[in-house]
Every structure is written in structure tokens, then in C-alpha cells.
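Visitor: Hi, I have a structure open here and would like some help reading it. Could you take me through it step by step?

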Amino acid sequence: EFVPNDPRYSEQWAHQHVQSELAWDIEKGDSNVILAFNDTGVDYNHVDLKTNVWMNSREILNGVDDDNNGYIDDIKGWDFGDRDNDPMGDSYHGTHVAGIMAAVGNNNLGVSGICPRCVIMPLKITAGGMISAGAAIQGFVYAADNGADVINDSWGGYGYYQALNDAVQYAVASGVLVVASAGDDNFDTMVKPHYPSDYENVLSV
């Protein structure tokens, strides 16, 4: 079984629970797999993440929308909450989630993500710490249009928004796996639906 040399790996009990070491004997992820994070942003300079952070190779930092995707200088993703090209995390949450999934593994630093060779696309959908449905919608569309394979959404609520559902289904139709939290409230979502996790075609966890 493959055991990474990350010094805090022994504290990551969940890897033992899901038998990551057996999985890593077969697959450790792929740098062609892009994981988009609709979240509070990501600390893309974090020592245990920065090697895996997505870089938009079609864009140059020059004040021009070089790739004609509607976003100027989106080198490392986009901040839809504050409407700028800096998706740096404004709280720990997005960085924490990105680390769980794709912290660089076996690099003698920190911890290992479950997919330690996958790529992190930071998308910030918060402003002042609050998630905006409009920003989330833009995040889904951006991720789908810019090559994401997975969009992770570790957030949600109980209000149904047709426009948000439309954005989710747009991403799914583009070939993206949308993953969303089922919530932390211990409710039966068959009785009290939770979104975006209860939209059709979403993997609810």
C-alpha cells in the first residue's frame, strides 16, 4: 500500500476510513483533471496547494481578455463575489476543502489530498463571507466553459432557484460532474430538499 511522506498524514484519519492507500496503489489523480471549487476562494499561494493550482494558459496578465471568455486576466480563476480576477480565499473554508481533495501528496509537506495530482481551479462566490446565488451561477458556467471536470460545492440551502438549477444542468450537459454537500442540519432531504445537492444530476454527499 502506498503511504505518502507528508508529515501530518498520520493525523488524516479519514484516509484510513476510505482506504486511500489501496486506491493510491492504482491511481493518484491526473494533472489533466481539473477540480473547480465554487467556494470562498482558495489560498493559491499555500505551500501545500500552489503546485496543483490551475493556470489559465490562454491568458496573459496584461489587462486584456486574451482568451475572449469574458474575463480579463483570469490567470487563476475568478472572484465572482467581488467581481475581479483574484479568487484568493477570504476565509479558510475554500482552502480547507481544496486541500482535502487535492493537496499535493508525497512532497514532505503538510498533508495529502485524496486526489494529490489533480488540479485546483479556484472560484470565489462569496462577498463579505456570504454566498451569492448570482455568483454561484456564474461559477458553474465559468467552470464548465473553462475545462473543469468536477465542480465541488461544499455549501447549500433550502431555497429553490430555477436559474441556479439551469446553471447546474448547463455544467452537467457540458460533461462536468457536479458534487454538492447535502447539508449539516441532519434533515431528511427527501422531506426538506436541499440545494444545489437536490437538483437532478448532482452527486449529493
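Guide: Let us settle some vocabulary before we begin: Ala, Val, Leu, Ile, Met, Phe, Trp, Tyr, Cys and Pro count as nonpolar, Asp, Glu, Lys and Arg as charged, and the others, Gly among them, as polar. Please also keep in mind that this is a predicted model.

Visitor: OK, with those classes in hand, what does the lining of the largest pocket have by class?

Guide: The lining of the largest pocket has 10 nonpolar, 8 polar and 3 charged residues. The space in this pocket comes to about 530 Å³, and among its 21 lining residues Gln12, His96, Gly99, Ile100 and Val111 are the closest to the centre.

Visitor: Which helices supply at least two residues each of that lining?

Guide: Helix 1, residues 13–18, and helix 3 each do so.

Visitor: And how much space lies in the second largest pocket?

Guide: About 390 Å³ lies there, and the pocket is lined by 15 residues, of which His93, Ser154, Ser181, Asp184 and Val205 lie nearest its centre. Sorted by class, this second lining has 7 nonpolar, 6 polar and 2 charged residues.

Visitor: Switching to the sheet now: in what order do the strands come?

Guide: The sheet is open and is formed by 6 strands in the order 2-3-1-6-7-8, with parallel pairing. Strand 2 (78–79) and strand 8 (202–204) stand at the edges with a single partner strand each, so one side of each is left without a neighbour in the sheet.

Visitor: How many bridges join strand 1 to strand 3?

Guide: There are 6 bridges between strand 1, which covers residues 34–39, and strand 3, which covers residues 119–124, and these two strands run parallel. As one example of a bridge, Phe37 has Pro122 in strand 3 as its partner.

Visitor: Which strands does helix 3 lie across?

Guide: Helix 3, residues 92–102, lies across strand 1, strand 3 and strand 6 (150–153), and it runs at about 155 degrees to strand 1.

Visitor: What about helix 4 and helix 5, at what angle do their axes cross?

Guide: The axes of helix 4 (residues 133–145) and helix 5 (residues 162–173) cross at roughly 10 degrees and come within 9 Å. Angles under 35 degrees count as roughly parallel, so helix 4 is roughly parallel to helix 5. The residues making the contact include Ile137, Phe140 and Val141 of helix 4, together with Leu164, Val168 and Tyr170 of helix 5. By class, the contact divides into 12 nonpolar, no polar and 1 charged residue.

Visitor: Last topic, the backbone: which peptide bond is cis?

Guide: The bond from Tyr195 to Pro196 is cis, with omega near 10 degrees, and Pro196 lies in the loop between strand 7 (177–180) and strand 8. For background, most peptide bonds are trans, and most residues other than glycine have a negative phi.

Visitor: Where is Gln19, and what is its phi?

Guide: Gln19 is in the loop between helix 1 and helix 2 (20–24), and it has a positive phi of about 60 degrees although it is not a glycine. Asp73 also has a positive phi, near 60 degrees, and its place is in the loop between strand 1 and strand 2.

Technical notes: Residues numbered from 1 in each chain as written. Predicted model: local features only at pLDDT ≥ 70, side-chain atom pairs only at ≥ 80, totals over all residues. Heavy atoms only, no water. Pairing = 2+ DSSP bridges. Helix = DSSP H or I, 4+ residues; strand = E, 2+ residues; numbered from the N terminus. Contact = heavy atoms within 4.5 Å. Axes fitted to C-alpha atoms, helices over the stretch in contact; angles between N-to-C directions. Parallel < 35°, antiparallel > 145°, perpendicular 65-115°, else oblique. 1 Å grid on protein atoms, 1.4 Å probe; cavity = no way out; pocket = protein on both sides within 12 Å on 5 of 7 lines; lining within 4 Å. Points joined across faces, edges and corners; volume = space filled by probe spheres on them.
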